[in-house]
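Please read this report with the sequence and the model open side by side. The text moves from the overall fold to the strands, and then to the charged side chains.

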Amino acid sequence: MYANPYAGNAGIYQPDPNAMTVRQQPSQPAQPQGNTGEQTVFPCVPVMSRAEAERAEFNCFGPGLIMTNLGQGMIYLKRFNPQKGEVEILDFAFVPPPPPTAPIPAAYNPRDDIAAMRENMAALQASVAALCGEIEESKKAGQKKIGGKAAEA
């Protein structure tokens, strides 16, 4: 059933010549090196300052190097810009969200305030008219009285 590869020379291996033939598959067209569905992995390194981030070494042909400075709330991205032909460092800072704004009050209707002021004015006019009437009556009553020392006794 199977042939003995050691048949001719005892102890020396001789491979089967038919087993060594390599089957060539038809060549496939080369695919572009663009987006192959793989995610880019950015190496991440902690640093203490921007100066340390500037001195850090990285692979120019890689995606870049992310450096975190959490003590100062900064993140640096060091990368090679092939369009300019230089290494650039991008700074990202934590900016807290703005405080919530005060709720917008309901639409102001000045007519309600004007009506309340009219009521107050009417009440004041009525009280002033009553006081003026009392003053006039007291003046008239004072004129009828007889003045002098004899009238008081």
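What follows describes a predicted model.

**Overall fold**

The protein contains three helices and four strands, and these elements follow one another from the N terminus in the order β-α-β-β-β-α-α. Of its 153 residues, 10% count as buried, and the area that the protein exposes comes to about 14,300 Å², of which carbon and sulfur atoms supply 58%. When contacts in the protein between residues at least 6 apart in sequence are considered, 15% of them join residues that are at least 24 apart.

**The strands around E2**

Strand E2, which spans residues 65-69, is mostly covered, since four of its five residues are buried. On one side of the pairing list stands strand E1 (residues 44-46), which pairs with E2 in the parallel sense over three bridges, and here Cys 44 stands opposite Ile 66 of E2. The connection between these two strands involves helix H1 (residues 50-55), and together E1, H1 and E2 make a right-handed β-α-β unit.

E2 also pairs with strand E3 (residues 74-81), in this case in the antiparallel sense and over five bridges, with Asn 69 standing opposite Met 74 of E3. The hairpin of E2 and E3 has four residues between the strands, and within this hairpin Gly 73 takes a positive phi near 70°.

Is Thr 68, a residue of strand E2, buried or exposed? Thr 68 has a relative accessible area of 17%, and therefore it counts as buried, because the cut-off for that class is under 20%. Leaving aside neighbours within four places in sequence, Thr 68 is in contact with Cys 44, Val 45, Pro 46, Val 47, Met 74 and Ile 75. Among these partners, Cys 44 is the residue that stands opposite Ile 66, while Met 74 is the one that stands opposite Asn 69.

**Salt bridges**

The structure holds three salt bridges, and the table lists them with the distance from N to O.

| Pair | N to O distance |
|---|---|
| Glu 54 and Arg 50 | 3.2 Å |
| Asp 91 and Arg 50 | 2.4 Å |
| Arg 79 and Glu 88 | 2.7 Å |

Arg 50, Glu 54 and Asp 91 are linked in a network of salt bridges. Glu 54 and Arg 50 both lie in helix H1, where they are four residues apart, or about one turn of the helix. Asp 91 forms its salt bridge with Arg 50 at 2.4 Å between the closest N and O atoms, and this pair links distant parts of the chain, with Asp 91 in strand E4 (residues 86-93) and Arg 50 in helix H1, 41 residues apart.

How covered are the members of this network? Arg 50 is partly exposed, with a relative accessible area of 31%, and Glu 54 is likewise partly exposed, at 43%. Asp 91 is partly exposed too, with a relative accessible area of 40%.

The remaining salt bridge joins the side chains of Arg 79 and Glu 88. Which of its two residues is buried? Glu 88 has a relative accessibility of 12% and so counts as buried, whereas Arg 79, at 32% relative accessibility, counts as partly exposed.

Methods. Residues numbered from 1 in each chain as written. Predicted model: local features only at pLDDT ≥ 70, side-chain atom pairs only at ≥ 80, totals over all residues. Heavy atoms only, no water. Buried < 20%, exposed > 50% of the residue type's maximum accessible area, 1.4 Å probe, protein only. Contact = heavy atoms within 4.5 Å. Areas by Shrake-Rupley, 256 points an atom, 1.4 Å probe, with all protein chains shown as cover. Pairing = 2+ DSSP bridges. Right-handed = clockwise from strand over helix to strand, strands pointing away. Salt bridge = Lys/Arg side-chain N within 4 Å of Asp/Glu carboxyl O.
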